[in-house]
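User: Hi! Could you walk me through how some labels on this structure were earned?

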Amino acid sequence: MASTLSSLFLLLSTLSLLHQPPLSAANLHQTKSLSRSHPNFEPTSLLPISAAAADDDGTPPTTFFEVTKPIPLPKTKPCSHLLLHHDFSFTYGQPPVLADYKPPSHCPSHQFSTIVLEWTAACKGRQFDRIFGVWLGGVEILRSCTAEPRATGIVWTVKKDITRYSSLLATNQTLAVYLGNVVDSTYTGVYHVNLTFHFYPAEEEIGLSGSGSGADLILPISRNPPLNDGYWFEIENSTDVESKEFEIPQNTYRAVLEVYVSFHENDEFWFGNFPNEYITANNLTGYAGNGPFREVVVGLDDLVIGAVWPFTVIYTGGVNPLLWRPITGIGSFDLPSYDIEITPLLGEILDGKSHKLSFGVTNALNVWYVDANLHLWLDKKSEKTQGKLLEYIHSPISLSTLSNFTGFDGLFVTNVTRSIVLSGFVNSSRGVVKTKSRQGFEYSNTMVLGNDGNSQILNQVINFNGSVDTKMPSSSSSSSVHSDKSIKKFSIYLHSDNIERGNGSYDSVANVTLGIDEKRSKISDSGILYTTRLRNLQNAEGSMLVKGNLVVSGLGSTRQEYRYTADKSCYFRNVSSSNYTILHDDESTICGHRGLWPSFPRRSYLGSTLNGENKMLI
């Protein structure tokens, strides 16, 4: 019982070490830190990325991808600029790779309606998944995870719409990329990377003013170089608070804080961490605790002004690496950022003085990477705006827990709620504009351990209800009100079991279901202006035959349905794979396309961690 129990409990704390030799509790932290993303450059010939990954016998590399909707593009021809070509070999603990960025001068037009970042990479051999970031002038524009390679090579591409950073892209900047990789006789994979910006001229003249367009100024709320790491702050425990001082222009009339978040090492699988009382009662050591609830808390000076309850991104080596080949987990190639409207607080910081934004993580274990971008809109017709905070309601988290266990079996339930309301006005050349923002969170996590610690079921749901109401003066004596609403549901379901096969071997079987359900709408006095809806559901199942702490064989399959609808556009994709092979792929841009919603079972299996070297999976 002890060996299988140990395998189960290590599932959510050390799964990223699937390919490593056995670890003791003493060296666990040190070894796991090597899977953190950290770069240095080595010259390379400008081979196409696919050629860099091709096998010696000419076998083409496998293409990995994350399912998402294509970026809407104008019909114009883009001006493309290759900013970086680099081989990331042993780059852990080295400074970020830097490159000069200059706005494109070769484009016939400098009115761009869309700007796209394209990251293309190739790798072959054996390697971990590595977190990485891309910054422009200290402003983070992409947080991502590398794919894990195979002997015959892989390639993948990430495309991200970075039009919201237009004001930043209009001036000379320093581009920084941090991807910490370790290359030795065992882990041989080198990541060959091209980073390109594509500038799409507008089909007609476009205006760049107004609150509906991109910000006029973006301030980085991140660490300052020089660094031997990424620009992100590192949150290492529940009392660790990282901060940065800033000062805004006196003519600011709107402010939005964009927060980037990722979780690693002891908190990579925070949603499955065990309560401390359970760990203590069973005399367990070396296991991640503090329970399964986490939140990123954002502060301005002495006020809590917002929170992020993040989506449970599973990286490309998580749970069972075969699950994510070639379809990667939701958000793994383009980790989401989270916007917090702080316009109501402008009256607190429009004083010409320095202020401080801070970040902490409730119940955190080592380590969380957090930074932010402060998007500011400036009143070009005024040298100074004025504001006042009218309402501030900060409800501390309401938390309830249930722990009912005997020995290694038990039921654990965690429920949490929180709300934050901000209201204020700004007086500018646009008149007196009142803004009210609301953040409402609900969280539930149910974890069941059974069969003397060999079976685990976990079900977690995060609900977010946010809104921003803006009351603007109109041409008449009355005012017009616009309301932006966002309703999100993040869900994860895990089920694991270990089945004894005799002769010191067992089957580790796994099931994980990830889901995002999101509805956005903009409403005015005259009615609904637009509505978008996203339903993204993914189920992955896998099994591994383990003997003597080594993986003898393994299987993995993934099914996903992505459905996006807007007033005038739609996108649908239903795709499935098994062991690198695409089995089915149905894609459509026709609104009303029914497709075939996958029947995702709510009972299957999720495998546990193996402290052994995997020689079969890569």
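Analyst: Happy to. This is a predicted model. A good place to begin is the second largest cavity, which is lined by Val261, Phe263, Pro310, Phe311, Val313, Leu335, Pro336 and Tyr338.

User: What makes the lining of the second largest cavity nonpolar, polar or charged by class?

Analyst: Val, Phe, Pro, Leu and Tyr count as nonpolar. The lining therefore has eight nonpolar residues, with no polar and no charged ones. The space inside is about 40 Å³.

User: Why is the pair Glu258 and Arg164 called a salt bridge?

Analyst: The closest N and O atoms of Glu258 and Arg164 are 3.4 Å apart, and the cut-off is 4 Å, so the pair qualifies. Glu258 lies in strand S13 and Arg164 in the loop between strand S7 and helix H5, so the bridge ties together parts 94 residues apart in sequence. Arg164 also meets Asp339 in a salt bridge, at 3.2 Å from N to O.

User: How do you know whether Glu258 and Arg164 are buried or exposed?

Analyst: Buried means under 20% relative accessible area. Glu258 has 1%, so Glu258 counts as buried. Arg164 has 29%, so Arg164 is partly exposed.

User: What makes Arg294 and Asp267 a salt bridge?

Analyst: Their closest N and O atoms are 2.9 Å apart, which is within 4 Å, so the rule is met. Arg294 is buried at 1% relative accessibility, and Asp267 is buried at 0%. Trp368 is in contact with residues including Arg294 and Asp267.

Key
Residues are numbered from 1 along each chain as its sequence is written. This is a predicted model: local features need pLDDT of at least 70, side-chain atom pairs count only at pLDDT 80 or more; totals for chains, interfaces and linings use all residues. Side-chain values use heavy atoms; hydrogens and water are left out. Contact means heavy atoms within 4.5 Å. On a 1 Å grid over the protein atoms alone, a cavity is a set of points where a 1.4 Å probe fits but cannot get out, and a pocket is an open set with protein on both sides within 12 Å along at least five of seven lines; lining residues have an atom within 4 Å of a point. Grid points are joined across faces, edges and corners, and a volume is the space filled by probe spheres set on the points. A salt bridge is a side-chain nitrogen of Lys or Arg within 4 Å of a carboxyl oxygen of Asp or Glu. Helices (H or I, at least four residues) and strands (E, at least two) are DSSP runs, numbered from the N terminus. Buried means under 20% relative accessible area, exposed over 50%, partly exposed in between (1.4 Å probe, protein chains only). Lists of a residue's contacts leave out its neighbours within four places in sequence.
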